[in-house]
Amino acid sequence: MDNKVEVHLKELLTFDDVLLLPKYSEVLPSEVIVKSRFSRNISLNIPIVSSAMDTVTEYRMAVAMALNGGIGVIHRNLPPEKQAEEVKKVKRFRAWMVIDPYTLTEKSTIGDAKNLMHTHNISGIPIIDNNGKLKGIITRRDIYYAENDWEPVIRYMTPREKLIVAYYPITLEEAKDILRKHRIEKLPVINERDELVGLITAKDVFNQEDDGDANVDNLGRLRVAAAIGPSKDFERRAELLYEAGVDAFVVDTAHGHSKRVGYAVEYLKKNYPNVDVVAGNVATYDGAMYLIDKGADGIKVGVGPGSICTTRVIAGVGVPQLSAIMECYKACSYNDVPLIADGGIRYSGDIVKALAAGADAVMLGNLLAGTDESPGEDIFYEGRRYKTYRGMGSLGAMLEGGSSRYGWDGSLKFVPEGVEGMVPYRGSVKDVLFQLVGGLKAGMGYLGASNIKELREKAEFIKITNAGIKESHPHDVFIIKEAPNYNKGG
Ligand code: XMP
């Protein structure tokens, strides 16, 4: 018989199928250390990464992730120049300087200024020309003197020649000195071409919070990664991202165990030996080994576990995520290459299980899409606030350029592998991460693990039944007050 079909009847499991056994502990959750690695040369202060999705990670998310100790991966559903600009904004970010502030043009009216100030609760707006050059600044105080909303802002703004400005780059101490010396409240920051780069306000500078947990490079700048795919513009995209100062390339595809992804990893390693390359996605030992052999510095694991994914039902392909992590871990640990578990995380308990199974970090889409910092749009539905969240293989995302992730570049018609939806609004990234890391620390405390290595060593998974899953969630109670870390919808 020449039938080569192989059937693996081994049972493969995912997060809900298992629990971790509690162990004797001398470790309090508050004492555990959750430092980890994103790739061979990029460390993390928390083992959490944001997904390269157009409703999850642009520069605001990447800044928030890095400020809290993780890292964001800027999505690639935008032209290479724009993606590189997002990277630059993260690298230029300082907690005390607003990069890319809201602006108005010379044609704007007092009414426009009032609207912008009201909508974003800001009190000063730089005025720029079509080339981004600074022309003046209008403040809340200036508009008191305007009689009509239709009057042009230029009539009331402080013009460029009378403005005190700072030149980028600038240190915190230099900014403080200028503000003190001139007793001003707003300090526009420009480059050598007179183009606006940022805006410093006295309030931000003098009330600065400590960001000691931030994930920074050796020059003290926030770290950021960017997605890249093996599509036609990939060499140019790589060059622009490199020039923008990206810390890691993430070769972001639905099927990493493939020739074109292998080629992309080799190309990037050869041409940018000082930038780490994370590659994926894979879900088997062979897949992880293939990318490691090509030179990957980090492996992203997950075929079809994501909350917006339809790959498993459309293509009939995938591996339950917990088993996928365990399989890939064999290849990654042997070669000392970090593993990122990508997709399917709904609760902090899933993070504990993913790390215990061998992941060095988890990548989150759904849990971060509802935050203030995501680029998704607000939706109000039946009196509640939501934000849009869609798969990069959904029709909407593919039509806007995301098709190469799924091997459909150049096509006019697509076969989607994801859906478009919305998730509950969840507040700030900082608060969401606090709950997730808190849950992780609690889990480590139950196992007596004081760091992630010990968590892996001490972990003993037990398989549970459907009744066990039911018992694990709140039951026989009508929830009247939602917990910040428990979303019944899952
Ligand atoms: P969560 O569960 O956090 O998963 O929402 C996010 C991850 O899902 C992957 N992703 C997709 N997978 N079709 C897929 O099969 C899609 O349209 C899609 N979009 C994103 C991706 O790995 C992400 O990090």
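**Figure 1. Lys 453 and Glu 457, both exposed, in a predicted model.** Both Lys 453 and Glu 457 are exposed, and this structure is a predicted model. Their side chains meet in a salt bridge, with 3.1 Å from N to O. Why are Lys 453 and Glu 457 separated by about one helical turn? Because they sit 4 residues apart in helix H16, which covers residues 452–458. Side chains of opposite charge can pair when their charged atoms come close.

**Figure 2. Asp 247 and Lys 91, a buried pair.** Here we turn to another salt bridge: the side chains of Asp 247 and Lys 91 meet at 2.7 Å, N to O. The pair links distant parts of the chain, 156 residues apart. Asp 247 lies in the loop between helix H7 (234–244) and strand S15 (248–252), while Lys 91 belongs to helix H2 (residues 80–92). Are these two residues, Asp 247 and Lys 91, buried or exposed? Both are buried.

**Figure 3. A network of salt bridges around the buried pair.** Widen the view a little and Asp 217 and Arg 221 join in: together with Lys 91 and Asp 247 they are linked in a network of salt bridges.

**Figure 4. Arg 385 and Asp 378, partly exposed partners.** Arg 385 forms a salt bridge with Asp 378, and the closest N and O atoms are 3.5 Å apart. Arg 385 has a relative accessible area of 33%, so it counts as partly exposed. Asp 378 is also partly exposed, because its relative accessibility is 41%.

**Figure 5. The whole chain, for orientation.** It helps to step back and place the close-ups in their setting. How many salt bridges does a search of the whole structure find? The search finds 33. The chain's secondary structure comes to 17 helices and 23 strands. Along its principal axes, the C-alpha trace spans about 85 × 50 × 45 Å. A compact globule of 490 residues would have a radius of gyration near 23 Å, so the 24 Å of this chain agrees. Of the 490 residues, 52% count as buried. Among contacts between residues at least 6 apart in sequence, 64% join residues at least 24 apart.

**Figure 6. Surface and charge of the chain.** The accessible surface comes to about 24300 Å², and carbon and sulfur atoms account for 52% of that area. The chain carries 61 positive and 66 negative charges, and the mean positions of the two sets are 1 Å apart.

How values were computed
Residues are numbered from 1 along each chain as its sequence is written. This is a predicted model: local features need pLDDT of at least 70, side-chain atom pairs count only at pLDDT 80 or more; totals for chains, interfaces and linings use all residues. Side-chain values use heavy atoms; hydrogens and water are left out. A salt bridge is a side-chain nitrogen of Lys or Arg within 4 Å of a carboxyl oxygen of Asp or Glu. Helices (H or I, at least four residues) and strands (E, at least two) are DSSP runs, numbered from the N terminus. Buried means under 20% relative accessible area, exposed over 50%, partly exposed in between (1.4 Å probe, protein chains only). The radius of gyration is taken over C-alpha atoms; the globule rule is 2.2 Å times the number of residues to the power 0.38. Contact means heavy atoms within 4.5 Å. Accessible areas come from the Shrake-Rupley method with a 1.4 Å probe; for residues, only the protein chains shown count as cover. Lys and Arg count as positive and Asp and Glu as negative; His and the chain ends are not counted. The place of a charge is taken as NZ of Lys, CZ of Arg, CG of Asp or CD of Glu.
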